[in-house]
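Reader: I would like a close look at one part of this model, with the cut-offs spelled out wherever a term depends on them. Please take the packing of a helix pair as the main subject, and then add some individual residues.

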Amino acid sequence: MNSRQVALITGSNSGIGLATSVYLARRGYTVWATMRNLDKASELRAIVESEKLPIEIAQLDVCDDSSAKNAVAQILQKSGRIDVLVNNAGYGLRGAIEEVSLDEWKQQFETNFFGVIRVTQAVLPQMRAQNSGAIVNISSVLGRMAIPFSGPYVASKFALEGLTETLRYELAPWNIKVILIEPGFIATKFQENAQLAQAAQRDDSPYAVFKKASGRRVQRNIYRAAPPEKVAETIYRAITHPTPKLRYAVGRDAWLVLPLRRFLPAGLFERILKKQLGL
Ligand SMILES: NC(=O)c1ccc[n+]([C@@H]2O[C@H](COP(=O)([O-])OP(=O)(O)OC[C@H]3O[C@@H](n4cnc5c(N)ncnc54)[C@H](OP(=O)(O)O)[C@@H]3O)[C@@H](O)[C@H]2O)c1
């Protein structure tokens with residue numbers, strides 16, 4: 001049996017998942033860096049080989065039941081335990097709520113919300129048997145506050161926040177830590193990989209003028225993006241803490257906006273945000 005702590009990370013071929021895989025492996029974890037498409041593993045493989053890191057690469061599509069079960073079975077067979085699960089895989093879907101088709105809504109939730117449930121359910125029997133573990137769910141600042149034209153993403157992260165808060169109570173008897181990470185802008189391929197709803201691509205969209213204006217304002221803040229290693233470092237700090245908090249914000253923008261959201265009267269916060277977004 002492996003004596004190192006074993007971590008399973010989803011969406012590890014890119015951005016936060018890749019940075020977290022490398023960060024935890026450098027600190028002695030055996031990392032199972034999983035991804036839905038193994039052809040995308042080359043960047044990670046190059047780091048693993050050059051640093052001789054304890055990282056295993058495995059296929060896991062969070063939208064596929066048998067893929068999640070097979071990945072967990074493979075890890076247990078080879079490493080014998082799972083101490084940390086980082087539910088990281090996710091993408092953004094843009095468009096006004098009216099313009100996003102139900103199929104597009106469902107796909108967004110299939111990945112960002114049901115994907116987390118699927119992998120968590122596959123891992124929990126082992127963590128309960130161990131009477132220990134840590135589950136880290138990558139939420140977002142947008143899990144605590146809404147912006148327009150990202151409704152499916154915002155809703156999926158709000159749902160993830162409720163799920164995680166519930167899990168934290170349910171898993172306390174087995175000493176399983178449950179943690180939310182709430183990043184602001186992070187410099188990854190997230191914006192590039194975000195999808196735009198079909199109907200929102202039409203020039204005659206009734207929302208076009210508002211979307212353009214607020215999109216420009218949001219883009220303006222991207223230069224403030226924190227590196228994904230900041231998220232990795234926060235995850236490490238949380239999972240190694242004996243009594244981690246429920247929520248960890250990451251990045252200067254998150255540190256600024258989340259307290260404002262919490263302490264300002266709701267009407268004032270809404271007026272400030274509308275002004276910021278040019279609405
Ligand atoms: N970047 C930000 O500003 C930011 C801010 C707040 C929260 N987040 C959250 O951080 C997490 C990671 O995003 P990122 O910034 O690192 O973006 P990213 O570079 O686009 O990485 C997203 C990862 O998720 C994977 N993924 C998507 N669907 C999947 C599926 N069905 N099964 C398995 N993997 C899947 C992607 O794989 P493919 O390459 O195959 O698509 C990719 O590896 C997401 O949950 C996101 O919501 C990001």
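Author: What follows takes the helix pair and then turns to single residues. This is a predicted model, in which local features need pLDDT of at least 70 and side-chain atom pairs count only at pLDDT 80 or more, while totals for chains, interfaces and linings use all residues. Residues are numbered from 1 along each chain as its sequence is written, and side-chain values use heavy atoms, with hydrogens and water left out.

Helices (H or I, at least four residues) and strands (E, at least two) are DSSP runs, numbered from the N terminus. Two packed helices are described by the angle between their axes and the distance between the axes. For helix 1 (residues 15–26) and helix 2 (residues 42–51), the axes come within 11 Å and cross at roughly 15 degrees; such axes are lines fitted to C-alpha atoms, for helices over the stretch in contact, and angles run from 0 to 180 degrees between N-to-C directions. Helix 1 is therefore roughly parallel to helix 2, a term for angles under 35 degrees. On the side of helix 1, the contact (heavy atoms within 4.5 Å) is made by Leu 18, Val 22 and Arg 26, and on the side of helix 2 by Glu 43, Leu 44, Ile 47 and Glu 51. Sorted by class, this contact of helix 1 with helix 2 has four nonpolar, no polar and three charged residues, where Val, Leu and Ile are among those counted as nonpolar, and Asp, Glu, Lys and Arg count as charged.

Among the single residues, Asn 112 lies in helix 4 (residues 102–130), and it counts as buried because its relative accessibility is 2%; buried means under 20% relative accessible area, exposed over 50%, and partly exposed in between, with a 1.4 Å probe and protein chains only. The side chain of Asn 112 reaches the backbone oxygen of Tyr 91 at 3.0 Å. Not counting residues up to four places away in sequence, Asn 112 touches Gly 90, Tyr 91, Tyr 153, Ser 156, Lys 157 and Leu 160.

Most residues other than glycine have a negative phi. Asn 131, in the loop between helix 4 and strand 6 (133–138), has a positive phi of about 60 degrees although it is not a glycine, and Asn 131 is partly exposed at a relative accessible area of 36%. Phe 149, found in the loop between strand 6 and helix 5 (151–171), has a positive phi of about 70 degrees, and Phe 149 is buried, with a relative accessible area of 15%.

Technical notes. Polar contact = N/O pair within 3.5 Å; in protein donor to acceptor, adjacent residues only side chain to side chain. Parallel < 35°, antiparallel > 145°, perpendicular 65-115°, else oblique.
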